[in-house]
Amino acid sequence: MKPSKKLVEKILTDNDFSLDLAKAMKDTTQYAILARAKRRSKLLLLAPFLEVYKAYGLSEEDIYEKEEENDSGDCTDRVQGA
(Lines give C-alpha, C1' and ligand atoms only; values in the text may rest on other atoms or scores of the structure.)
Protein backbone atom coordinates (compact mmCIF):
# COMPACT_ATOMS: atom_id res chain seq x y z
CA MET A 1 0.00 0.00 0.00
CA LYS A 2 1.03 3.56 -0.64
CA PRO A 3 -0.18 6.86 0.80
CA SER A 4 -2.85 8.55 -1.30
CA LYS A 5 -2.21 11.60 -3.43
CA LYS A 6 -4.68 13.52 -1.27
CA LEU A 7 -2.70 12.70 1.87
CA VAL A 8 0.61 13.64 0.25
CA GLU A 9 -0.84 16.93 -0.95
CA LYS A 10 -2.10 17.75 2.56
CA ILE A 11 1.31 17.00 4.06
CA LEU A 12 3.07 19.19 1.51
CA THR A 13 0.69 22.14 1.81
CA ASP A 14 -0.40 22.17 5.48
CA ASN A 15 2.50 23.25 7.69
CA ASP A 16 0.74 22.46 10.99
CA PHE A 17 -0.22 19.00 9.75
CA SER A 18 3.32 18.06 8.71
CA LEU A 19 4.68 19.49 11.97
CA ASP A 20 2.24 17.37 13.99
CA LEU A 21 3.40 14.31 12.07
CA ALA A 22 7.01 15.06 12.97
CA LYS A 23 6.04 15.52 16.62
CA ALA A 24 4.26 12.15 16.60
CA MET A 25 7.51 10.37 15.74
CA LYS A 26 9.63 12.42 18.20
CA ASP A 27 12.94 11.66 16.48
CA THR A 28 11.83 12.76 13.00
CA THR A 29 12.09 16.28 11.61
CA GLN A 30 9.45 18.11 9.63
CA TYR A 31 11.90 18.16 6.72
CA ALA A 32 12.04 14.34 6.80
CA ILE A 33 8.24 14.17 6.73
CA LEU A 34 8.11 16.43 3.69
CA ALA A 35 10.80 14.38 1.95
CA ARG A 36 8.83 11.19 2.63
CA ALA A 37 5.71 12.82 1.21
CA LYS A 38 7.51 13.83 -1.98
CA ARG A 39 8.63 10.21 -2.41
CA ARG A 40 5.21 8.88 -1.37
CA SER A 41 7.02 6.68 1.12
CA LYS A 42 5.23 3.76 2.75
CA LEU A 43 6.73 4.97 6.04
CA LEU A 44 3.95 7.57 6.11
CA LEU A 45 1.61 4.69 6.96
CA LEU A 46 3.23 3.86 10.32
CA ALA A 47 0.92 3.65 13.34
CA PRO A 48 1.93 6.98 15.01
CA PHE A 49 1.09 8.81 11.77
CA LEU A 50 -2.27 7.06 11.47
CA GLU A 51 -3.29 8.45 14.85
CA VAL A 52 -2.56 11.99 13.62
CA TYR A 53 -4.49 11.38 10.39
CA LYS A 54 -7.51 10.20 12.37
CA ALA A 55 -7.24 13.24 14.69
CA TYR A 56 -7.42 15.47 11.61
CA GLY A 57 -10.55 13.62 10.47
CA LEU A 58 -9.04 11.78 7.51
CA SER A 59 -10.79 8.59 6.44
CA GLU A 60 -9.18 5.36 5.24
CA GLU A 61 -9.94 6.44 1.65
CA ASP A 62 -8.08 9.70 2.28
CA ILE A 63 -5.04 7.88 3.66
CA TYR A 64 -4.51 4.86 1.42
CA GLU A 65 -4.15 4.79 -2.35
CA LYS A 66 -6.60 2.47 -4.03
CA GLU A 67 -5.03 -0.73 -5.31
CA GLU A 68 -5.08 -1.22 -9.06
CA GLU A 69 -7.46 -4.06 -9.90
CA ASN A 70 -5.34 -5.27 -12.83
CA ASP A 71 -2.06 -5.25 -10.90
CA SER A 72 -2.00 -8.59 -9.12
CA GLY A 73 1.70 -8.32 -8.35
CA ASP A 74 2.30 -11.47 -10.37
CA CYS A 75 5.28 -10.90 -12.61
CA THR A 76 5.15 -14.21 -14.50
CA ASP A 77 3.45 -12.60 -17.50
CA ARG A 78 6.21 -9.99 -17.72
CA VAL A 79 9.02 -12.46 -18.21
CA GLN A 80 9.81 -13.02 -21.86
CA GLY A 81 10.94 -16.37 -23.16
CA ALA A 82 10.02 -18.28 -20.01
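Helices are taken here as DSSP runs of H or I of at least four residues, numbered from the N terminus. In this predicted model, Lys26 is placed in the loop between helix 2 (15-25) and helix 3 (30-39). The description below follows the helices in order, and then returns to the loops and to one residue of helix 3.

In helix 1 (5-13), the buried residues are Leu7, Val8 and Ile11. These residues lie on the same side of helix 1, because the arc that they cover around the axis is only 100°. Such a pattern agrees with helical geometry in general: an α-helix has 3.6 residues a turn, so residues three or four places apart point the same way. The face of helix 1 turned away from the buried side carries exposed residues, namely Lys5, Lys6 and Thr13. The packing partners of the buried residues of helix 1 are helix 2, helix 3, helix 4 and helix 5 (60-63).

At the N-terminal end of helix 2, Asp14 acts as a cap, with a side-chain oxygen 3.2 Å from the backbone nitrogen of Asp16. Asp16 itself is exposed, as is Lys23, on the other side of helix 2 from the buried residues. Those buried residues are Phe17, Ser18, Leu21 and Ala22. Their directions from the axis span an arc of only 140°, and they are therefore found on the same side of helix 2. Helix 1, helix 3 and helix 4 are the elements against which the buried residues of helix 2 pack.

Just after helix 2, Lys26 adopts a positive phi of about 65°, although this residue is not a glycine. Most residues other than glycine have a negative phi. The side chain environment of Lys26 is open to solvent by the criterion applied: at a relative accessible area of 77%, Lys26 is exposed, because the cut-off for that class is over 50%.

Helix 3 likewise has a buried side, formed by Ile33, Arg36 and Ala37. An arc of only 100° around the axis accommodates these residues, which means that they occupy the same side of helix 3. Exposed residues on the face turned away from this buried side are Tyr31, Lys38 and Arg39. The buried residues of helix 3 pack against helix 1, helix 2 and helix 4.

Within helix 3, Ile33 is buried, with a relative accessible area of 0%. Not counting residues up to four places away in sequence, Ile33 touches Ile11, Ser18, Leu21, Ala22, Thr28, Leu44 and Phe49. Among these contacts, Ile11 is one of the buried residues of helix 1, whereas Ser18, Leu21 and Ala22 belong to the buried residues of helix 2. Leu44 is 11 residues from Ile33 in sequence, and the C-alpha atoms of the two residues are 7.9 Å apart in space.

Helix 3 is followed by Arg40, which is placed in the loop between helix 3 and helix 4 (47-55). Arg40 is not a glycine, yet the phi of this residue is positive, at about 55°. A positive phi thus occurs at Lys26, just after helix 2, and at Arg40, after helix 3.

Notes:
Residues numbered from 1 in each chain as written. Predicted model: local features only at pLDDT ≥ 70, side-chain atom pairs only at ≥ 80, totals over all residues. Heavy atoms only, no water. Helix = DSSP H or I, 4+ residues; strand = E, 2+ residues; numbered from the N terminus. Buried < 20%, exposed > 50% of the residue type's maximum accessible area, 1.4 Å probe, protein only. Arc of directions from axis to C-beta. Contact = heavy atoms within 4.5 Å. Polar contact = N/O pair within 3.5 Å; in protein donor to acceptor, adjacent residues only side chain to side chain.
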